[in-house]
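User: I should like to learn how to read a protein model, one feature at a time. May we begin with how strands pair?

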Protein chains: 2
Amino acid sequence: MKALEEKIRNEGEVYPGNVLKVGSFLNHRIDVPFMCECGKEFHRLFDGCGVNKILTVEASGIAVAVLTAQYFGCPAVFAKKSKTSNIADDVYSAPVRSFTHNCVNQVMIEKKYLEPGDKVLIIDDFLAHGEALTGLVKIVEDAGAEVAGAGIVIEKAFQEGGKALRECGYRIESLARVASMDADSGEITFID
Amino acid sequence: MKALEEKIRNEGEVYPGNVLKVGSFLNHRIDVPFMCECGKEFHRLFDGCGVNKILTVEASGIAVAVLTAQYFGCPAVFAKKSKTSNIADDVYSAPVRSFTHNCVNQVMIEKKYLEPGDKVLIIDDFLAHGEALTGLVKIVEDAGAEVAGAGIVIEKAFQEGGKALRECGYRIESLARVASMDADSGEITFID
């Protein structure tokens with residue numbers, strides 16, 4: 001998605017350690033009209049695949065997940081990162097390492113919100129090492145549901161997550177695939 | 001909003017300690033088409049007030065905030081509950097007690113995402129004791145921006161948050177106002 005690449009080039013900030021900050025439109029301030037365009041593009045890509053549920057993980061995935069779900073006319077479920085008094089005991093869960101928080105969360109979904117027969121499109125803001133996506137895939141399959149694929153806003157294609165999951169046969173569509181980024185020059189290049 | 005009251009009656013679960021679980025459409029699984037209707041209603045209520053930014057707090061507020069923002073054609077900003085490597089040091093912050101997590105979070109927003117002159121509509125899923133809303137109001141005013149009002153999906157009107165904030169002069173519009181709920185019978189009543 002060329003408009004997204006341009007937005008990342010214009011607004012993204014590159015920091016040492018392969019950190020790409022896009023807080024101005026995706027992770028903190030959400031450019032909602034623009035994110036609606038991303039949602040429409042995910043719908044175009046996965047239309048006709050029988051998707052009846054969108055799945056993501058809190059917190060940054062929620063915005064793009066619900067804005068996408070509206071074009072499918074389906075619900076969105078988000079995995080929680082911590083147990084609250086509001087969550088039931090009967091959950092599917094998977095460990096997910098967060099590189100921005102530098103910790104491992106046991107992400108969880110109440111069992112009643114994922115069912116055998118569901119055809120699930122996983123949506124997330126970033127794909128890098130693939131930890132979150134791998135955890136969500138495990139949860140979908142533990143539930144006896146089917147992964148229709150994954151829609152990612154920004155893939156750090158120089159890290160191994162996308163490659164490993166595609167090799168396992170999952171369909172992963174990333175709207176922008178970063179080939180390289182340089183913290184000194186701020187330069188970001190993309191895979192076409 | 002009668003359709004919301006009906007949904008709360010049909011799908012809400014009441015637990016001791018004034019806990020109302022609405023995980024089936026608002027807090028865990030999000031009924032996106034229905035939440036779009038809530039967003040349209042907030043837009044109808046605050047249309048013409050000059051709103052140019054929606055503000056909420058992660059995580060459960062994000063879905064309804066972005067689905068509302070699209071009708072205003074404006075961005076949404078969400079306050080973060082914890083410091084990550086992705087957040088700058090220059091933040092507005094306020095302490096907010098979470099009753100579901102039983103802890104106090106210092107919620108924060110990077111200063112560049114709130115500006116003097118902004119007219120901010122605060123959107124949240126619940127209003128009970130008013131802790132989150134009070135924190136967000138403080139942040140908006142610390143930034144020199146203006147609170148246009150607050151749009152709440154479900155207000156526990158038997159708790160004091162809404163009353164206190166209205167007495168301070170803030171316009172608060174709640175789509176459903178729970179007058180009472182009974183954990184034994186499961187009965188929920190609303191204020192018209």
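Analyst: To read a strand pairing, look for residues that stand opposite each other on two strands. In this predicted model, V77(A) stands opposite R29(B), a residue of β3(B). The two strands concerned, β5(A) and β3(B), pair in the antiparallel sense over 2 bridges.

User: With which strand of chain B does β3(A) pair, and in which sense, parallel or antiparallel?

Analyst: β3(A) pairs with β5 (residues 76-79) of chain B in the antiparallel sense, over 2 bridges. There, R29(A) is opposite V77(B).

User: How many strands form the open sheet, and in what order do they lie?

Analyst: A sheet is read from one edge to the other. Here 7 strands form an open sheet, in the order β11(A)-β10(A)-β9(A)-β8(A)-β4(A)-β5(A)-β3(B), and the pairing is mixed. At the edges stand β11 (188-190) of chain A and β3 (29-30) of chain B; each has a single partner strand, so one side of each is left without a neighbour in the sheet.

User: Which helix packs on the sheet and touches β9, β10 and β11 of chain A?

Analyst: That is helix α1 (residues 2-11) of chain A, whose direction makes about 35° with that of β10(A). Another helix, α3(A), lies across β8, β9 and β10 of chain A and runs at about 140° to β9(A).

User: Which strands pair with β4(A), and by how many bridges?

Analyst: For a strand inside a sheet, take each neighbour in turn. On one hand, β4(A) pairs in the parallel sense with β8 (residues 119-127) of chain A over 3 bridges, and I54(A) faces L121(A) in that pairing. On the other hand, 4 bridges join β4(A) to β5 (residues 76-79) of chain A, also in a parallel run; the bridge partner of L55(A) is V77(A). β4(A), helix α4 (residues 60-72) of chain A and β5(A) make a right-handed β-α-β unit.

User: Is β4(A) buried or exposed?

Analyst: Burial is judged by counting neighbours: a residue is buried if 20 or more other C-beta atoms lie within 10 Å of its own. In strand β4 (residues 53-57) of chain A, 5 of the 5 residues are buried, so the strand is largely enclosed by the rest of the structure. Both of its faces are covered, with K53(A), L55(A) and V57(A) on one side and I54(A) and T56(A) on the other.

User: Why is helix α4 of chain B largely enclosed?

Analyst: The same kind of count applies to a helix. In α4 (residues 60-72) of chain B, 12 of the 13 residues are buried, so the helix is largely enclosed by the rest of the structure. Among the buried residues are I62(B), L67(B) and F72(B). After the helix comes G73(B), whose phi is positive, near 65°.

User: How many residues of chain A are in contact with chain B?

Analyst: An interface is read by listing the residues on each side and the elements that supply them. Here 34 residues of chain A are in contact with 34 residues of chain B. On the side of chain A, the elements that give two or more residues are β2, α2, β3, α3, α4 and β5. α4(A) gives the most, with 6 residues. By class, this side has 17 nonpolar, 11 polar and 6 charged residues.

User: Finally, how many helices and strands has chain A?

Analyst: Chain A has 6 helices and 11 strands. Its radius of gyration is 16 Å, close to the 16 Å that the globule rule gives for 192 residues, so chain A is as compact as a globular protein of that length. Of these 192 residues, 48% count as buried.

Conventions: Residues numbered from 1 in each chain as written. Chains lettered and ligands numbered in written order. Predicted model: local features only at pLDDT ≥ 70, side-chain atom pairs only at ≥ 80, totals over all residues. Pairing = 2+ DSSP bridges. Right-handed = clockwise from strand over helix to strand, strands pointing away. Contact = placed C-beta atoms within 7 Å. Nonpolar A, V, L, I, M, F, W, Y, C, P; charged D, E, K, R; others polar. Rg over C-alpha atoms; globule rule 2.2 N^0.38 Å. Axes fitted to C-alpha atoms, helices over the stretch in contact; angles between N-to-C directions.
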